[in-house]
Amino acid sequence: MRTATRTTGTGTPTRPAGSACVAALAAALVLGGCATGRAYRLGEREMAAQNYDRAVLLFSKAVSSKPESTRYKVALSRAKMRAAQEHFSKGQAYVKAGRTEAAIAEFQQAVYLDPSHQYAANELSKALAEWQKQQKQDESEMERLKRKAKEAAPGRVAPRLNPASNIPIVLRFKDETVQKIYDALSKASGINFIYDERLDRNKKISIDLADVTFEQALDTLMTMNKHFYKIWDENTILIADDNQQKHKEYDDLVIQTFYLSNADVKDVQVLLRTLLDARQLAQNDRLNAITIRDTPERVEVAGKIIESNDKAKSELIVDVELLEINRTLLQNLGIDLFGPGGGSGKSINLTYGSTNPVPLNNLDLLKQAGSYLIGPIPGVVVNFLKTDADAQVIAKPQVRVTEGEKATVRIGDRIPIPTTTFNAAPTVGGTVGVPITSFTYQNVGINIDIEPRVHHNKEITLKLKVEISSLAGQVSAGGGLTQPIIGTREIDTTIRLKDQETNLLAGLIREEERKSMSGLPGLSSIPVVRRIFGNTETNIQQTDIVLTLTPHIIRIPDVTEEDLLPLWIGTESNIALRGGSKTSPFGTTPFEGKAGEEEELPPVPGIPELAVEEAPPAGEEEEPLESAAPLIAPAPEPTPTPAPLEKTPSPGAQATPSPTPSTATASPTPKPPGPVSPATVFLNPTYLNVNKNQTFTVSVNIRSASAVGSVPFHLQFDPQYLDLATTGRTSPFLSQDGALPFVLATLGAGGKEVIVGLSREGSKPGVSGQGVLIEMTFVAKKSGTTTLNFTDISVLDPSAQRLPFDKQGMTVNIQQ
């Protein structure tokens, strides 16, 4: 077979084009593998230097290049966990230093890297709440609309009195009937009073109250006369005798279902039956929900109890590092004897060699030569041996465990242990015992059992049991069976540690020394001669175990300040929220808001779904990280100043207003927002003609945007037609006010999409209008028509709430 070659003008032969292509392809594969391995090695180097953020980026690049590698994925997970723990520790330090915004940034980074770190999420919520209090931020429009919708829902909200009626009142009556006092109070407040037909209104009492509200005066009169009132509507109340029969007749009943997120429904049912003597309860094990039917007051108390007890159990990760060091020292010195065929040479046999019998009357035959044999003649070997062997067993498991549960780690083998039993079997001559051998398996190796308890002061109690076992030998059990000899060392203890405190357990040292000597009797007892005519063997075995435990709390019960306050629930016969726990029939604060509702803080901003685990395109691992601008809490909006509203109570027969003017303040009622038009995220241009191998730029634009905080998206393209060249490092639209945006763009697994995360700093308000989100540069590879489309996109406000939007892709026509 001949291979055709071409010769250049200078006479130098050239290789065929096919060989050049194969060589180029092989080189590309080698370079790609080297780049992936280099990113992994650099990541390991950064992990050793405790640069965990950098290690996450490098390991992400390795995983993106080789997503099927389990080793790369495990390394990325470890780096993320270490980086999250480092950011969490910094956040705690910032909280102690009073730097709330810096703490929010660190906590958000921790949650980005490890979404399961519930402890960091709880601390983030608390930091955001503290920041909101500092900024006096008003609730968001979305939450205001939700609250209003809930209030307007029929059958969902109990009626309340008009807060305008809760005015300062002075009551001074002496020996007047209850009817007259109630009538005066009704005229002063503007609230209509209706009475039960059996109510005694001719009873005379004396009362002197000054500078009290209508609600306080009404409660005082109810207590004095053993009456109770029911709110009929916002302008009317009904008064009846305070007894069980009238409560059954007039008290409303409500049915409410509580969906439990953490507590067990059976435990909550026992709790409510014990504390409230609740009888009408139903549990739904499938939904982990409990439904209660009772009066609104008792249901409200039940809701408070459930809220205080439905807390997530603590969770922690325990880093276990176990090192077992074994050392064996063997020394064999001296002279030893051996026989033929490897047998022992320490015995000599003297035998009579003739095969004929020797009669007693002819013992002279024993004197014949050749009748005796002596042997075997032993050989001599000189032992001069010294052996020193070291072995190390290292285990570094990371165990995630919930409080009160037991975590078990088994590292090693399962060794079969034979057990023989005899069963009687009938035969012709009787019964015989038939042996039956069965095997049980025992774990041999490293066995660790951990049961934690997390205290409310962030300390951890660990019930620890560590067992280290190994196969030490075999012993004959008869019948051709052997039993294993298992050597075991066990630690069973209870320790208490702080969060991230390392405990060292060491000193489990075992040292065995065996010395044996063999030699010729008599000669081996002489001090100097025995070294020549004897053999000494020394065997020393040393074992040491070092165990370290480091717990990291990642979830704790979210116990708030409100949970620590006592819950005032009234008397045994009339259970309802009282004192500081009571909800006023006019609202929490009578002169604040239309319905007297307590103003709520806005919800905690969620974490945007950014693809932080992905790496930038190949070749950019040496660039500095750009993830140093985490999202922080949204900026505050100006709070409207309450306008004074003067009210003068109507004069009654015996009720006079307070000397001070009757004034009430109310926040201005917000106007309902108009309909918000959806934003549009589109590619510019929408249609483009390019030539093959031409480079072109596509801009991702947005228009009609309103209060946008972040825009994460995936842009899909066909790698047969297009290659991603570069992406922009900034977002003109999100940085239009000079704020530094968070920009992350990387090529997804398979090279079929671009994963982009765009976000403003959390403390900055959203931006509106239109502009360029990011620019991307592609290279046309193959002639034909292809498209670019958004496959996963969200438009979010600064608190990570979704905004309405439309999307539009583009078409690219590639010409030859």
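This presentation describes the fold and some local features of one protein chain.

Colleagues, the model is predicted, so I begin with its conventions: local features need a pLDDT of at least 70, side-chain atom pairs count only at pLDDT 80 or more, and totals for chains, interfaces and linings use all residues. Residues are numbered from 1 along each chain as its sequence is written, and side-chain values use heavy atoms, with hydrogens and water left out.

Let me start with the whole chain. The protein chain has twelve helices and 36 strands; helices (H or I, at least four residues) and strands (E, at least two) are DSSP runs, numbered from the N terminus. Of its 816 residues, 38% count as buried. Buried means under 20% relative accessible area, exposed means over 50%, and partly exposed lies in between, with a 1.4 Å probe and protein chains only. About 46300 Å² of the protein chain is exposed, and carbon and sulfur atoms supply 52% of that area; accessible areas come from the Shrake-Rupley method with a 1.4 Å probe, and for residues only the protein chains shown count as cover. Among contacts (heavy atoms within 4.5 Å) between residues at least 6 apart in sequence, 71% join residues at least 24 apart.

I turn next to a helix. Helix H7, residues 178-189, has twelve residues and spans 16 Å from its first C-alpha to its last, close to the 16 Å expected at 1.5 Å a residue. The expected span is 1.5 Å times one less than the number of residues. Which residues of H7 are buried? They are Val178, Ile181, Tyr182, Ala184, Leu185, Ser186, Ala188 and Ser189. Just after H7, glycine 190 takes a positive phi of about 80 degrees.

A loop residue comes next. Lysine 311 lies in the loop between helix H11 (296-309) and strand S11 (315-338). Leaving aside residues up to four places away in sequence, lysine 311 touches Asn262, Pro557, Asp558 and Asp563. With aspartate 563 there is a side-chain to side-chain polar contact of 2.8 Å. A polar contact is a pair of N or O atoms within 3.5 Å; within protein, one must be able to donate a hydrogen and the other to accept it, and residues adjacent in sequence count only if both atoms are side-chain atoms.

Now to the sheets. Strands of a sheet pair through backbone hydrogen bonds, either parallel or antiparallel. In this model, five strands form an open sheet of mixed pairing, in the order S30-S33-S28-S26-S35. Two strands pair if DSSP finds at least two bridges between them. The edge strands, each pairing on one side only, are S30 (722-727) and S35 (805-808). Neighbouring strands of this sheet are turned by 25 degrees against each other on average, direction ignored; the axes are lines fitted to C-alpha atoms, for helices over the stretch in contact, and angles run from 0 to 180 degrees between N-to-C directions.

Within that sheet, S28 (residues 695-708) and S33 (residues 767-780) run antiparallel and are joined by ten bridges. One bridge pairs phenylalanine 696 with phenylalanine 778 of S33.

Where do the backbone angles of this region call for attention? Most residues other than glycine have a negative phi, and most peptide bonds are trans. Serine 704, in strand S28, has a positive phi near 55 degrees and is partly exposed at 41% relative accessible area. Alanine 707 is also placed in S28; its phi is positive, near 55 degrees, and its relative accessible area of 32% makes it partly exposed. The peptide bond from asparagine 684 to proline 685 is cis, with omega near 5 degrees. Proline 685 sits in the loop between S26 (679-684) and S27 (687-691).

Another strand to consider is S32, residues 753-759. Six of its seven residues are buried. S32 is joined antiparallel to S29 (residues 713-716) by four bridges, with phenylalanine 713 partnering valine 756. S31 (residues 742-747) also runs antiparallel to S32, through six bridges, and valine 743 stands opposite leucine 758.

I close with threonine 787, found in strand S34 (residues 784-793). Is threonine 787 partly exposed or buried? Threonine 787 counts as partly exposed because its relative accessibility is 36%. Its side chain makes a polar contact of 3.2 Å with the side chain of asparagine 789. Beyond four places in sequence, threonine 787 touches Gln716, Phe717, Met810 and Thr811.
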